[in-house]
Amino acid sequence: MAFGWRCTGVAWPGDEPQLGWSKGRERRVSVLAYGAGLGFRAVGERHCVGARGNVCPLGAVVSVRSTGARCPECARLDRAHSVAADTLLDDPRTYRVYLAWFGPGLVKVGITREEREAARLREQGAVVFTWLGRGPLMAARRTEEVLRAALGVPDRIPYARKRAVRGQLPGEQERLDEVVELYGRAADLEGRGWPESLERLPLGVVDHGGIFGLDRAPRATRSVRELVDGGVVAGRLVAAAGPDLHLAVDGGEGGGVVVLDTRLITGWELAAVDPAAADDVRVPLIDIAGGGVQGGLF
């Protein structure tokens, strides 16, 4: 089954977001720049992206609203080899435990491989973070559980909640203060549940508000719900956080800033559209300011 160029999603290897593309064995990367135009049209149906670098043997059609873009078999294969599934208990690599802040009261504790540095935090859209400790996988897992219970924070936060608060972020000092306070509470647990094999790391708060563009971009009021065959997304990139691209749109129902979760565009064949000629979003949208659904497709 032959396909055209398909997006593999956003990566954050550094301080600039990149869109990955695949076409058969070909791979490309597009570095995204704020202020630049971005436009595409969805073609045909959405197909499974496969698992662990392998093509889906069925070429299965998948749901347009799925953020994973995998058929059930490929989803099982992908998760079976993930750290989140706790199937890599003998992993010899070093892991880090982190505290991530997404907005007032939206904080989580998580782990990532040390070799990835802060890429995982940028991929999740963490506005602020600090490292808490480093050590073997199972020690990191145990620390994560201890801190979640002690601090009363989860290990995951839905992207819908992150988007809802992103346009109302407090200033840098207030963001820093909340993370510093939580770090202090975490550090107090040394000797009281904190595994001895996990080295505590010093406080080092990193704020991503600048590299995400959130401190200078207008507030987003709508987000893309799904793509459809022939649906167009085109606008000017003003901010990005995790998999979300914030596009300033002049056309459509009043214009404004629309959030595109790039996990929704994986598995689609995408044709280029000149954003200057088609500055509009013609796919189903969700009103993230008021919670309703925009009427009409086109």
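Guide: First, residue classes: Ala, Val, Leu, Ile, Met, Phe, Trp, Tyr, Cys and Pro are nonpolar, Asp, Glu, Lys and Arg charged, and the others, Gly among them, polar. This is a predicted model, where local features need pLDDT of at least 70, side-chain atom pairs count only at pLDDT 80 or more, and totals for chains, interfaces and linings use all residues. Residues are numbered from 1 along each chain as its sequence is written, and side-chain values use heavy atoms, without hydrogens and water.

Visitor: How many charged residues are in the lining of the largest cavity?

Guide: A cavity is a set of points on a 1 Å grid over the protein atoms alone where a 1.4 Å probe fits but can't get out, and lining residues have an atom within 4 Å of a point. Around this one you'll find Arg163, Arg166, Gly167, Arg219, Ala220, His246, Val259 and Ile288. Sort them by class and you get 3 nonpolar, 2 polar and, for charged, 3.

Visitor: Is Ala69 buried or exposed?

Guide: Ala69 caught my eye because its phi is positive, near 55 degrees, and it isn't a glycine. Most residues other than glycine have a negative phi. Buried means under 20% relative accessible area, exposed over 50%, and partly exposed in between (1.4 Å probe, protein chains only). Ala69 comes in at 0% relative accessibility, so it's buried.

Visitor: And Glu117, buried or exposed?

Guide: Glu117 also isn't a glycine, yet has a positive phi of about 55 degrees. Its relative accessible area is 57%, so Glu117 is exposed.

Methods: 1 Å grid on protein atoms, 1.4 Å probe; cavity = no way out; pocket = protein on both sides within 12 Å on 5 of 7 lines; lining within 4 Å.
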